Amino acid sequence: MRLLPLSTILAALTFTLAAQAPPPAAMTLTIPGFPDGGQIPVKFSQAAPGVAPGEGTSPAMSWANVPAGTQSFFLNMHDMDLARNKTTEDQAHWVLWNIPATATGLPEGVPKGSSLADGSYQISATGPMYRGPGAGANGPFHHYVFELYALDTKLDVKPSTDAFETRAHVMKAIQGHILAKAVYGGLFRRPQ
């Protein structure tokens with residue numbers, strides 16, 4: 001009987017154990033203010049009492065299972081049901097990038113401003129702020145999507161005065177740098 005070297009046995013055992021290890025958990029995004037796929041409360045919309053047109057209060061959110069090597073996050077909130085200027089482009093409700101890799105979420109009511117205290121940048125179709133959902137009361141519910149990307153880099157993109165141009169630059173800059181993506185959705189139309 002021929003005996004195998006200990007290194008061969010250990011290599012085979014390591015390979016077997018690695019093959020049986022469960023895959024890492026997917027990155028998740030959670031918004032406690034409403035269930036995934038549920039109705040977005042008026043308080044997070046343009047229809048909230050006292051909210052200026054095109055503005056709103058951003059919901060708190062958190063994420064988990066961030067992949068190793070993450071250097072920053074990018075959040076893209078958009079209205080999937082709006083065709084802007086008869087193109088494939090949809091509404092830019094919130095484009096927030098260079099969120100620090102140490103972040104595990106965002107608080108409710110992120111303040112206005114192109115550059116935030118943590119070094120991240122933001123813009124929307126309204127300006128340097130969160131733009132709440134605003135679908136009309138007489139139409140169907142619109143589908144609003146929050147997409148969170150874990151990136152292996154910080155982006156060298158500064159906000160311009162045009163949200164759609166800025167979003168295009170950010171989307172181009174993340175190509176080849178996406179480690180993971182998490183998606184959360186909500187429905188909204190203004191109350192009757």
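What follows is a short walk through one sheet, one loop serine and one leucine in a predicted model.

Start with the sheet. Six strands line up in the order S2-S9-S8-S4-S5-S7, forming an open sheet with mixed pairing. S2 and S7 sit at the edges, each pairing on one side only. Strand S5, spanning residues 91-100, has S4 and S7 as its neighbours in that order. With S4 (residues 72-79), the pairing is antiparallel and runs over eight bridges; one detail here is that Met 77 has Trp 94 of S5 as its bridge partner. With S7 (residues 121-123), S5 again pairs in the antiparallel sense, this time over three bridges. On that side, Val 95 stands opposite Ile 123, and Leu 96 faces Gln 122.

How much of S5 is buried? Nine of its 10 residues are, so the strand is largely enclosed by the rest of the structure. Helix H2 (residues 163-174) also comes into the picture: it lies across S4, S5, S7, S8 (142-151) and S9 (178-188), and runs at about 45 degrees to S5.

Next, Leu 106, which belongs to strand S6 (residues 105-106). Its relative accessible area is 11%, and since the cut-off for buried is under 20%, Leu 106 counts as buried. Leaving aside residues up to four places away in sequence, Leu 106 touches Ala 60, Met 61, Trp 63, Leu 75, Trp 94 and Leu 96. Two of those names have already come up in S5: Trp 94, the bridge partner of Met 77, and Leu 96, which stands opposite Gln 122 in S7. Leu 106 and Ala 60 are 46 residues apart in sequence, yet their C-alpha atoms are 5.5 Å apart in space.

Finally, the loop between strand S2 (38-39) and strand S3 (61-64) holds Ser 45. Its relative accessibility is 0%, so this serine counts as buried. What does the side chain of Ser 45 find there in the way of polar atoms? One of its polar atoms lies 2.7 Å from the backbone oxygen of Val 42, and the side chain also reaches the backbone nitrogen of Ala 47 at 3.0 Å. Beyond residues up to four places away in sequence, Ser 45 touches Val 51, Glu 55, Gly 56, Gly 132, Pro 133 and Phe 188. Phe 188 falls within the range of S9 (178-188), one of the strands that H2 lies across.

Technical notes
Residues numbered from 1 in each chain as written. Predicted model: local features only at pLDDT ≥ 70, side-chain atom pairs only at ≥ 80, totals over all residues. Heavy atoms only, no water. Buried < 20%, exposed > 50% of the residue type's maximum accessible area, 1.4 Å probe, protein only. Helix = DSSP H or I, 4+ residues; strand = E, 2+ residues; numbered from the N terminus. Pairing = 2+ DSSP bridges. Polar contact = N/O pair within 3.5 Å; in protein donor to acceptor, adjacent residues only side chain to side chain. Contact = heavy atoms within 4.5 Å. Axes fitted to C-alpha atoms, helices over the stretch in contact; angles between N-to-C directions.
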